[in-house]
Amino acid sequence: MALLVEKTSSGREYKVKDMSQADFGRLELELAEVDMPGLMACRTEFGPSQPFKGARITGSLLMTIQTAVLIETLTALGAEVRWCSCNIFSTQDHAAAAIARDSAAVFAWKGETLQEYWWCTERALDWGPGGGPDLIVDDGGDATLLIHEGVKAEEEYEKNGTLPDPSSTDNAEFQIVLTIIRDGLKVDPTKYRKMKERLVGVSEETTTGVKRLYQMQASGALLFPAINVNDSVTKSKFDNLYGCRHSLPDGLMRATDVMIAGKVAFVAGYGDVGKGCAAALKQAGARVIVSEIDPICALQPQWKGLQVLPLE
C-alpha cells in the first residue's frame, strides 16, 4: 500500500484500507454502543460541558469497533483525535473506515508491514508544526517509545551532529524506528522535543508498556507523567481475565482452524491473563500445562486441576 495521507471532503486526514466499508462499520459501532454503557453514560453526563475541548489526543490502540466507541466518546467530549493501531493484525477495517469518515483521523489497516505500522504511528503523532498531542492513549508503549527515542536522537544531533544509525542494531523493527527518526531530523530537528514539551501525559493499557514505563522511571528517563491503566482493577481483573478467556480460543480457532479438544496447551505465566487463558483452554477440552516463576501463582493452577511444570 502506498504510504500517502488521504483526506476526507472535510479535510480530515486518514489512511485506511477501504472507505466503502464505513457504512458496515457504523452499523456494528451502533450495536457496540448498546453493550458499552459506561462510555455512553460519559457522553450523556460530560458531553454538554465539553471537558476535552481543545485537547489533542493521540491513540495507539487496537483499531476495533470497541475502540471506535471510545474514540467517538472522546470527540463527543470535545477532543480532536488522531489514531493508529498498536498491532499489525488487529485492525477491523470497517471500524477504521467508519471513524475516518465520521469522527477522527485514523491511520490503520489489517495486515500492516512493520514499515507501514511505524509510518502510521508517526502520522498519529503528527499534529503539524505546533507540536504533538496533549494526551496519548497507548497500548504497548510504542508511541511513547518513539517520542523518547526521538528526543534522545535530537539531543545527540544538537550536541555533536550525530544521526541515528539503523545499522547499529540487529533488531529489524528498531532499525525502522531509527530510520524514521533519522529522516525526521533532517526536516525538523526539534519535532520530538516539541511533542515532549506539549504532552500532559500518557495512559498505558497493557503489561508490556507498563513494565517499560517503570524501567524508564527507575532510570530517570521518563519524560512525562504516565498513568498505569493496566493495573487498575477494572482492567486487570476483568479485561485481562475474562477478556482473554473469551478471545483466546476464538483467536486460535480462527487462525489455525483446528479443534482445541485433545490438544496439549502450554500457558506461560498464571497471572490474570494466564488464568483466563488456561480456563478457556481447559473448558475447550485441552490438557493444560502451566509454567510460573511465582510460587504462590504456581500453586493456584494445581488447585484448579492443571499440571504445573518448569519451562524447560
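Modeller: Before we start on β7, buried means under 20% relative accessible area, exposed over 50%, and partly exposed in between (1.4 Å probe, protein chains only). It's a predicted model, with pLDDT of at least 70 needed for local features and 80 or more for side-chain atom pairs, while totals for chains, interfaces and linings use all residues. Numbering runs from 1 along each chain as its sequence is written, and side-chain values use heavy atoms, without hydrogens and water.

Colleague: OK, which way do the residues of β7 point?

Modeller: From β7 (residues 201-204; strands are DSSP E runs of at least two residues, helices H or I runs of at least four, numbered from the N terminus), Gly201 and Ser203 point one way. Val202 and Glu204 point the other way, and all four are buried.

Colleague: And what does β6 do with β7?

Modeller: β6 (residues 135-138) runs parallel to β7, joined by four bridges; pairing takes at least two DSSP bridges. Ile136 sits opposite Val202 of β7.

Colleague: How many bridges join β7 to β8?

Modeller: Three, and β7 and β8 (residues 226-228) run parallel too. There, Ser203 faces Ile227 of β8.

Colleague: Changing topic: how many residues has the largest nonpolar core?

Modeller: 24, with Met63, Ile71, Val81, Trp83, Ile99 and Val106 having the most contacts inside it. A core joins buried Ala, Val, Leu, Ile, Met, Phe, Trp, Tyr and Cys through side-chain atoms within 4.5 Å.

Colleague: Which elements give two or more residues to this core?

Modeller: α1, α3 (65-76), β4 (80-84) and α4. α3 gives the most, five residues. Another core, of 21 residues, lies apart from this one and includes Leu145, Leu146, Ile147 and Ile181.
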